[in-house]
Protein chains: 2
Amino acid sequence: MDHLVADFVVRPKDEAEIIEILKVCYEHDVPVTTRGAGTGNYGQAMPMRGGCVMHLKHLDQVTHCEPGRVIVQPGCLLKDVDAHCIAACGHELRMFSSTWATATIGGFIAGGSGGVGSVTWGSLRELGNIIRLRVVTMEKEPRILEFTGEELARVSHAYGTNGIITELELPLAPAYDWTHCFVTAKDWDRAMECADALANENGILLKIASVYEAPTAKAYFQRVAPYVADDDHLIGLMIAPHNMEGFLTWMGRNPDMKLIYRSDDHDWARAPGHVFEYGWNHTTLRALKVDPSITYLQVRYGFPDHFRLVNEMRAAFPDELIQHLEAIRMEGGKIGFAGLTLVKFTTEERLDEIVKAHEAAGALIFNPHRYTLEEGGRQHADPRQLDFKKEADPKGLLNPGKMIAWDDPDWDYAKMYAYPGMTKAPESA
Amino acid sequence: MDHLVADFVVRPKDEAEIIEILKVCYEHDVPVTTRGAGTGNYGQAMPMRGGCVMHLKHLDQVTHCEPGRVIVQPGCLLKDVDAHCIAACGHELRMFSSTWATATIGGFIAGGSGGVGSVTWGSLRELGNIIRLRVVTMEKEPRILEFTGEELARVSHAYGTNGIITELELPLAPAYDWTHCFVTAKDWDRAMECADALANENGILLKIASVYEAPTAKAYFQRVAPYVADDDHLIGLMIAPHNMEGFLTWMGRNPDMKLIYRSDDHDWARAPGHVFEYGWNHTTLRALKVDPSITYLQVRYGFPDHFRLVNEMRAAFPDELIQHLEAIRMEGGKIGFAGLTLVKFTTEERLDEIVKAHEAAGALIFNPHRYTLEEGGRQHADPRQLDFKKEADPKGLLNPGKMIAWDDPDWDYAKMYAYPGMTKAPESA
């Protein structure tokens with residue numbers, strides 16, 4: 001997709017300017033692809049047919065904040081939402097992506113599914129994790145609509161294909177000065193079990209619990225590498241500071257686990273920074289810096305089969321996969337694993353074989369090697385999103401090529417969807 | 001136990017006075033039974049051998065408070081801990097008993113196991129739910145000891161049999177202006193399922209989820225009665241206000257559930273007050289006001305068998321039991337039920353039969369008709385508590401008669417323990 005470029009870029013200052021832009025683009029049949037900070041890794045903000053790219057960086061204000069609730073504009077960086085809310089009321093976002101420092105809240109809600117915090121709060125699609133979204137439509141006379149309840153599913157995680165989010169109301173969680181910890185284990189099963197057990201400790205509040213199979217820590221985590229061996233599996237944790245005593249008691253019961261780092265008391269020459277910046281998509285980003293041939297999968301290992309499924313995949317592809325798990329609270333309240341498996345890439349055919357083996361075993365795949373909503377999601381059209389696109393974007397100008405259901409309702413998902421309207425690559429490419 | 005009275009009562013002002021009292025009592029072999037507000041319902045603060053009853057009502061200060069953590073003296077009422085912490089830092093206790101308005105924090109930790117809040121945070125015995133206890137021993141020269149980690153089990157939930165708690169450090173949760181709700185259901189299984197499902201909604205933060213079998217609401221809840229029918233089962237909920245939208249969406253998906261009351265928007269002539277004051281032990285208290293012949297059981301229905309176990313007991317004793325369930329997060333992170341079953345009392349023999357039927361089915365009983373630690377708990381001696389009593393109370397003067405393991409290490413629990421040292425009832429009684 002390297003050749004995909006916009007014809008022009010706009011940076012509206014407010015909702016009124018967004019409406020003005022949409023009216024003009026509608027009038028002239030110009031596609032509009034909305035973009036936050038550009039950290040999305042599914043290509044979801046690439047302008048497939050050129051036209052207008054609309055940056056929302058100037059809509060960056062927190063307009064209301066109280067314990068449990070924030071109202072914010074879409075272009076506010078995740079870290080800036082947190083900074084504002086922590087200062088104003090001692091609360092922070094329930095969940096955020098590992099790209100917290102650079103990504104926008106609008107991009108996270110429009111393209112994300114969960115992340116740091118999902119070990120406690122589950123996923124964004126679950127009831128209560130988004131309160132309200134305000135959306136502008138792409139019509140001759142754009143409408144401003146407010147979505148709550150069941151209607152949220154029409155526009156959240158829709159890549160901006162059926163409306164432009166101009167305001168978000170989200171629940172907050174209490175902010176603490178989280179203690180960032182790294183723990184090592186020599187035995188893989190124990191590493192998995194312990195992350196799962198900690199995530200199920202009712203009295204120990206966590207923000208993240210990641211498991212990295214060896215040699216991830218030694219090979220890809222530069223600041224951690226001096227403190228681990230090749231065969232050390234690593235667990236990354238963020239623990240509420242008032243639960244550190246409880247956590248240390250738990251560690252005492254699990255003497256095969258070794259605490260190598262805690263952010264509030266360590267002698268590392270170079271501190272590793274935020275533990276969450278080793279987790280979720282950042283694991284792959286770090287691995288790619290060392291080995292550009294690496295790629296990855298996104299997998300869901302559901303409770304109560306999560307241990308078995310991980311180990312089946314681990315046994316099936318011992319030389320090609322390196323496991324990376326995130327403990328998450330799944331729909332129904334039980335802890336399972338999201339897998340962001342590192343893959344030693346050989347060919348596309350082999351990658352497809354690996355994907356199919358996961359699916360055959362019962363491990364749900366969210367394919368990060370696809371740019372459409374459906375293929376990166378649950379591989380079927382969401383009629384709520386499609387129906388709303390018919391209303392809100394009758395000319396199909398918003399982020400074209402990203403919703404298969406709009407372009408080709410009979411698509412059977414047997415192979416990767418290639419948007420026919422995509423701007424052709426130049427001859428020389 | 002009506003005839004049990006102390007020879008005298010003391011109300012120390014501070015830890016130094018406690019130490020002075022303990023020294024004098026030790027010197028003169030006087031038993032000391034510590035008492036909070038006297039709301040305990042196991043008889044755990046009754047002076048079995050007379051002697052000294054020590055009220056801690058004057059040790060009632062919150063000495064430190066920050067988001068996530070409070071340090072408090074034992075005689076502070078639960079409601080006063082919350083009032084202080086909410087004002088000082090927007091936090092409140094993770095859990096408390098339904099006697100929140102009248103009970104002390106010291107009594108709750110020394111005699112309680114969990115309560116309102118356990119649907120999110122589990123039980124007091126779990127790691128992270130108590131940070132530190134400061135304890136004075138009953139020796140010639142009383143010692144002041146600080147307990148954390150594994151050592152907490154020596155003195156928490158010990159009824160003051162092996163030391164006097166003089167300071168508590170506890171974790172806090174964020175305080176919200178909880179929305180108190182009542183929901184009715186005509187079908188019992190659906191009422192159970194819905195309480196369980198709500199407790200497992202990751203994005204909907206609850207403080208309590210209670211289920212009351214019909215005709216509890218109509219027969220015993222006076223202010224609720226006008227709004228329910230005899231055959232209405234009732235669900236009591238406290239929901240974070242920023243999750244009311246999510247809850248209402250959930251209600252829309254469950255049209256057989258009927259929302260009859262929400263504290264932030266209702267037209268009831270007389271508001272019912274705190275929903276938690278209908279739950280936990282308050283259910284029994286309310287039933288007793290209407291029907292003094294009622295008694296109750298305390299049951300644990302463990303995940304994943306909780307629905308089946310409840311219904312087995314319901315089928316076995318259709319005319320004698322009225323189910324009252326509290327959804328709680330059990331050890332291991334899964335939602336199950338605590339049962340505080342209302343029992344239409346006939347004879348002690350029949351009550352014992354009912355208890356035995358629960359145990360035979362696999363439903364753990366915490367017998368509220370016993371005054372000893374062991375019989376009201378897991379029916380075996382806790383060597384950690386006994387060992388510490390040997391150190392801390394060598395003369396066995398602290399709350400005598402409450403720790404069977406101290407009095408009769410070979411006790412087999414076949415029948416109710418009757419403390420031989422108990423003050424005899426007067427002839428005329």
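## A buried glutamate and its partners

A polar contact is a pair of N or O atoms within 3.5 Å; within protein, one atom must be able to donate a hydrogen and the other to accept it. Keep that in mind as you explore this structure, which is a predicted model. A good place to begin is Glu169(A), which sits in strand E9 of chain A, a strand made of residues 164-174. Is Glu169(A) buried or exposed? With a relative accessibility of 8%, Glu169(A) counts as buried, because the cut-off for that word is under 20%.

Which side chains does Glu169(A) meet through polar contacts? One is the side chain of Arg69(A), at 2.8 Å. Another is the side chain of Arg132(A), also joined to Glu169(A) by a polar contact of 2.8 Å. Leaving aside residues up to four places away in sequence, Glu169(A) touches Val70(A), Ile71(A), Ile130(A) and Ile131(A) as well as those two arginines.

## Following the contact to Arg132(A)

Now step across to Arg132(A), which belongs to strand E7 (residues 132-136) of chain A. Arg132(A) has 13% relative accessibility and therefore counts as buried. Besides its 2.8 Å polar contact with the side chain of Glu169(A), the side chain of Arg132(A) has a polar contact of 2.5 Å with that of Glu146(A).

The surroundings of Arg132(A) hold further residues. Not counting residues up to four places away in sequence, Arg132(A) touches, among others, Ile71(A), Phe147(A), Thr148(A), Leu152(A), Glu167(A) and Leu168(A). Ile71(A) is thus one to look for twice, because it also appears among the residues that Glu169(A) touches.

## Helix H2 and its buried side

Helix H2 of chain A runs over residues 78-89. At 1.5 Å a residue, its 12 residues should span 16 Å, and the end C-alpha atoms are indeed 16 Å apart, so the two values agree. Which residues of H2(A) are buried? They are Leu78(A), Val81(A), Asp82(A), Cys85(A) and Cys89(A). These residues cover an arc of only 95° around the axis, which means that they lie on the same side of H2(A).

What do the buried residues of H2(A) pack against? Their partners in chain A are strands E4 (62-66), E5 (69-72), E6 (91-93) and E9, together with helix H3 (105-111). Just after H2(A) comes Gly90(A), with a positive phi of about 70°.

## Cysteines without disulfides

How many disulfides are there over all chains? The count comes to zero. Two cysteines help to show why: a disulfide needs its sulfur atoms within 2.5 Å. For Cys89(A), the closest cysteine sulfur is in Cys65(A), 3.2 Å away, so it is too far for a bond. For Cys76(A), the closest is in Cys85(A), 8.2 Å away, which is also too far for a bond. Cys76(A) itself is buried, with a relative accessibility of 3%.

## A capped helix in chain B

Over in chain B, helix H6 covers residues 188-199. Its 12 residues should span 16 Å at 1.5 Å a residue, and its end C-alpha atoms are 17 Å apart, which agrees. The buried residues of H6(B) include Trp188(B), Met192(B), Cys194(B) and Leu198(B). Asp187(B) caps the N-terminal end of H6(B), with a side-chain oxygen 3.2 Å from the backbone nitrogen of Asp189(B).

## How the two chains are related

Finally, look at both chains together. A turn of 180° and a shift of 0.0 Å along the axis lay chain B on chain A with an RMSD of 0.0 Å. The two copies are therefore related as by a two-fold rotation axis. In chain B, the C-alpha nearest that axis belongs to Pro174(B), 3.0 Å from it. The same surface serves both copies, as 100% of the contact residues of chain B recur in chain A.

Conventions. Residues numbered from 1 in each chain as written. Chains lettered and ligands numbered in written order. Predicted model: local features only at pLDDT ≥ 70, side-chain atom pairs only at ≥ 80, totals over all residues. Heavy atoms only, no water. Least-squares fit on C-alpha atoms with pLDDT ≥ 70 in both. Contact = heavy atoms within 4.5 Å. Helix = DSSP H or I, 4+ residues; strand = E, 2+ residues; numbered from the N terminus. Buried < 20%, exposed > 50% of the residue type's maximum accessible area, 1.4 Å probe, protein only. Expected span 1.5 Å × (residues − 1). Arc of directions from axis to C-beta.
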